Amino acid sequence: MIEPKPEYERRLQGWRERIAALDSSHLIISNSRLGIAAAAVLVFWLSIVRNAIAVEWLLAPVVAFVALIVIHARVLQRVERARRAALWYARGLDRLDGRWTRRARDGERFTGLHPCARDLDLFGRASLFELLNTANTEAGEETLAHWVAEGASNPEVTRRHAAVDELRTKIDFREDLAVLSAESDVSRTGTMAAWARAEPAGLGTASAIILVACAIVMLAVAALVFGDRLASGWLLGWLLVEMALALAWRRPVQLVLGRIATADRDLALVRDVLARIETESFAAPRLAQIRDSLLTRGVPPSQRIAQLRRLVSWLDSTRNQMFAPIAFALLLPQLLAVAIDRWHAAYGAHVVEWLNGIGELEAFSAVGTYAFEHPRDPFPELVEGGPVFEAAAVAHPLMPESACVPNDVALGGAAPHVLVVSGSNMSGKSTLLRSVGVNVVLALMGAPIRASRLRVSPVCVGATLKVEDSLQAGHSRFYAEILRIRDIVAGARTTPTMFLLDEILHGTNSYDRRIGAEAIVRALVSLNAIGLVTTHDLALTELPEKLGGVALNMHFEDRLENGLLAFDYRMRPGVVQHSNALALMRAVGLDV
């Protein structure tokens, strides 16, 4: 087992040394360029002004300067990639040290994907998504977000386990994928996808034949004119014909060229990422399936995109001031627009598939990175039927491991369907509910879980951990809570459900709370739902007795040490025997 922290530190140091060496090369090349430029000026002065040496001597410094420009560009690209790799490992160390918040995009825009996203901190600042998210493309983030919000069937989760387990050890591949995909802003991938989904302009084979014929005629007329076999008026006349043709096709050509100008920014990114994926061999069937699905008519997608990139590069060259008149005369921009539009018609539909493939591999890489950074977190055991949740030493994955106090939780199957958890304020009840809920999300998305063992069936999680009043909607906190509970009960009628009801109905009086809580829990149990109910109202601890063997009382304790409250966050059987409300009031200076 590779320990993540020493491995990250070793690789970070290696990349920092690489950056230092490349910076040194960058400085040498920069100074060399200045020196060669000065030498070129001297040779120009000696050959042109003083006529002391042959003008051919200018060729040597010019060639050397151009060569250095090419080499310098490659060195600068390597410097940039080395810095991104160093940043990748620096952020990994931050995650291992618990400094991962505000280090990645938090996915706040995905909050609406899950009804309990805020209750379980799935998206937003300091969320599960922010911890997992190492994706750089829009497709990668969207795929990861849907995995978090929706989960998957047991067979698919099992396939994901094999893929994540393989990527856990492929550190070099995950590094390359992260470095390459970081070369473009995450939102730009959507621009390319929009271009791919758009309808082609319709510049087909007939357009290409007409344009090629016009170019051939132009070459023939030009040859005859310059050979003094035709008057120059013929050349001017044919140029006017071409201008009329260009005006006739102006709108579709401009449509093609305008679209590709926006999509081109991502072509190099997508090509390089796909080329890296194509060179990797995968043993996991799910990963091999993604790689194989990228092939288009047996040709790797990076080669298809390279074809399009060449067309765009040639198009850019037609805008060169020296070459533009010739390109205009030969209708090269129009010809290239036809070629780009034909590529779009042939492969545009596949671009979205390629982006989806990149997104899936980025999502797998993100979960694989999480698995590598938590080598002692196992995969859960998935069971059919249920609902069931049986966890040993379950803890919260968003908390530092050193600060976690694990607890055993068993629900469904031979265990009780409901745990009524009593305890004082700050004793750990809400954290337990979040730990259970987030681990269900991790389990059903195919990630390792924060427990020594977990046996779980597919369930839909419903929670009331963060219920707030709404001034705009005119809802009190209590009303908002019962609306949420209504939705949980409704969902349990059609889907296996786990409910996490925190301080149930605490916004009403004790009498109504006791009757309402009993009715709600009884309804959920009758629908074969499982879950936890927390309370510091000891009257609700009568629920297990009224519900029979399907419910069990558990509790958290606290104690007073040297005038201060102390908690061990261990869940125990039975009902809590005291509360700490008065002690907390005295601790903050209230005279009670």
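**Exercise 1. How many of the residues of strand 4 are buried?**

Solution. The model examined here is a predicted one, and strand 4 is a good place to begin. Step one is to locate the strand, which covers residues 418–422. Step two is to go through its residues, and the count shows that five of its five residues are buried, so strand 4 is mostly covered. Step three is to separate the two faces: Val418, Val420 and Ser422 lie on one side, Leu419 and Val421 lie on the other, and all of these are buried, which leaves both faces of the strand covered.

**Exercise 2. Work out which strands pair with strand 4, and in which sense they run.**

Solution. Begin with strand 8, residues 530–535, which runs parallel to strand 4 and is joined to it by five bridges. Within this pair, Val418 stands opposite Gly531, while Val421 has Thr534 as its bridge partner. Then turn to strand 9, residues 551–561, which also pairs with strand 4 in the parallel sense, over five bridges; here the bridge partner of Ser422 is His555.

**Exercise 3. Place strand 4 in its sheet, and find which strands stand at the edges.**

Solution. The sheet is open and consists of six strands in the order 6-7-8-4-9-10, with mixed pairing. Reading this order from its two ends gives strand 6 (460–463) and strand 10 (564–573) as the edge strands; each has a single partner strand, and therefore one side of each is left without a neighbour in the sheet. Neighbouring strands of the sheet are turned by 15 degrees against each other on average, when direction is ignored. To complete the picture, add helix 16 (residues 477–492), which lies across strand 6 and strand 7 (497–501) and runs at about 165 degrees to strand 7.

**Exercise 4. Explain why Cys460 forms no disulfide.**

Solution. Recall that a disulfide is a covalent bond between the sulfur atoms of two cysteines. The cysteine sulfur closest to that of Cys460 belongs to Cys116, and the separation is 7.2 Å, which is too far for a bond because a disulfide requires sulfur atoms within 2.5 Å. A search of the whole structure agrees with this, as it finds zero disulfides. As for accessibility, Cys460 is partly exposed, with a relative accessible area of 38%, whereas Cys404, at 14%, counts as buried because its value is under 20%.

**Exercise 5. Describe how helix 6 and helix 14 pack against each other.**

Solution. Two packed helices are described by the angle between their axes and the distance between the axes. For helix 6 (residues 171–181) and helix 14 (residues 332–373), the angle is about 130 degrees and the axes are 10 Å apart, so the two helices are oblique to each other. Their crossing is left-handed. Finally, identify the residues that meet: Ile171, Arg174, Leu177 and Ser181 come from helix 6, and they face Leu361, Glu362, Ser365, Gly368, Thr369 and Phe372 from helix 14.

**Exercise 6. Is Ser302 buried or exposed, and which residues does Ser302 touch?**

Solution. Ser302 lies in helix 12, residues 301–317, and its relative accessibility of 9% is under 20%, so Ser302 counts as buried. When residues up to four places away in sequence are not counted, Ser302 touches Arg271, Leu274, Ala275 and Glu278.

Definitions and conventions:
Residues are numbered from 1 along each chain as its sequence is written. This is a predicted model: local features need pLDDT of at least 70, side-chain atom pairs count only at pLDDT 80 or more; totals for chains, interfaces and linings use all residues. Side-chain values use heavy atoms; hydrogens and water are left out. Two strands pair if DSSP finds at least two bridges between them. Helices (H or I, at least four residues) and strands (E, at least two) are DSSP runs, numbered from the N terminus. Axes are lines fitted to C-alpha atoms, for helices over the stretch in contact, and angles run from 0 to 180 degrees between N-to-C directions. Contact means heavy atoms within 4.5 Å. Buried means under 20% relative accessible area, exposed over 50%, partly exposed in between (1.4 Å probe, protein chains only). Angles under 35 degrees count as roughly parallel, over 145 as roughly antiparallel, 65 to 115 as roughly perpendicular and the rest as oblique. A crossing is left-handed if the near helix is turned anticlockwise from the far one by less than a right angle, and right-handed if clockwise.
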